[in-house]
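Here are my notes on this one, set out as numbered points. Have the model open while you read.

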Amino acid sequence: ADRLNKTYGVSVITFSHFMPRPELMKATSHDEMEITLERNLMGLPSPEWKEREFGSRFNFSRVAGSCFLDRQLRKIGSMLHLYGHQHRNRDRTIRRVRYVSHCLGSPKERSEGVTWGVVSWNGPKLIHG
């Protein structure tokens, strides 16, 4: 609890396994474009990827996004939050905090090109200020 009340004189970067905000669940038009680019680089046809991402499988959106976690990272002044668990890559800024999820995905997800960036960035994502 003391760490949450402390003021840090440097840039703060936070990490979690779980998604810190529910709105990070839904893909943006940028995410859709990146998935299409990834699939094109892999020689795959344009996707009906929304069916894959939001289809008949488990509805992850019912449990995704922890407002409690987001309040904590904002309280300590995080400028960048890295998270996992989602199995979909995201990179967006919401109210001055940048949220990044860069998963490598399962072999099936990689072969379908739904974890964008793995091929087009030629490896892990470089994150800098």
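**Notes on the fold and its charged pairs**

1. Let's begin with a charged side chain: Arg21 has a relative accessibility of 10%, and since buried means under 20%, Arg21 counts as buried. Keep in mind that this is a predicted model.

2. What does Arg21 pair with? One partner is Glu23, with the closest N and O atoms of that salt bridge 2.7 Å apart. Glu23 is partly exposed, at a relative accessible area of 38%. Another partner is Asp70, whose side chain meets that of Arg21 in a salt bridge at 2.6 Å, N to O. This second pair ties together distant parts of the chain: Arg21 sits in the loop between E1 and helix H2 (29-41), Asp70 belongs to helix H4, and 49 residues separate them. Asp70 is buried too, since its relative accessibility is 6%.

3. There is a second long-range pair to look at. Arg88 and Glu109 meet through their side chains in a salt bridge of 3.2 Å, N to O. Here the loop between E2 and E3, which holds Arg88, is linked to helix H5 (residues 107-112), which holds Glu109; the two are 21 residues apart. Are these two residues buried or exposed? Arg88 is buried with a relative accessible area of 8%, and Glu109 counts as buried at 11% relative accessibility.

4. If you're setting up charges, look at the pairs as a group as well. Arg21, Glu23, Asp70 and Arg74 are joined into one network by salt bridges that share partners. Over the whole structure, the count of salt bridges is eight.

5. Now the sheet. It is open and built from four strands, ordered E1-E2-E4-E3, with mixed pairing. Which strands lie at the edges? Those are strand E1 (12-16) and strand E3 (90-94), each of which pairs on one side only. On average, and ignoring direction, neighbouring strands of the sheet are turned by 15 degrees against each other.

6. Helix H4 (residues 67-75) turns up again here, since this helix packs on the sheet and touches E1, strand E2 (78-83), E3 and E4. The direction of H4 makes about 125 degrees with that of E4. So the helix that packs on the sheet is also the one that carries Asp70, the partner of Arg21.

7. E3 and E4 are worth a zoom. E3 runs antiparallel to strand E4 (residues 97-101), and five bridges join the two. Arg90 has Ser101 in E4 as its bridge partner, while Thr93 stands opposite Arg98 in E4. The hairpin of E3 and E4 has two residues between the strands, and Arg95 takes a positive phi there, near 45 degrees.

8. Side chains in a regular strand alternate between the two faces of the sheet. In E3, Arg90, Arg92 and Ile94 make up the covered face, whereas Asp91 and Thr93 make up the uncovered one. Two arginines of E3, Arg90 and Arg92, therefore lie on the covered face.

9. Last, the cysteines. How many disulfides does the structure hold? Zero. Cys67 is partly exposed, with a relative accessible area of 44%, whereas Cys103 is buried, at 16%.

Notes. Residues numbered from 1 in each chain as written. Predicted model: local features only at pLDDT ≥ 70, side-chain atom pairs only at ≥ 80, totals over all residues. Heavy atoms only, no water. Pairing = 2+ DSSP bridges. Axes fitted to C-alpha atoms, helices over the stretch in contact; angles between N-to-C directions. Contact = heavy atoms within 4.5 Å. Disulfide = S-S within 2.5 Å. Buried < 20%, exposed > 50% of the residue type's maximum accessible area, 1.4 Å probe, protein only. Salt bridge = Lys/Arg side-chain N within 4 Å of Asp/Glu carboxyl O.
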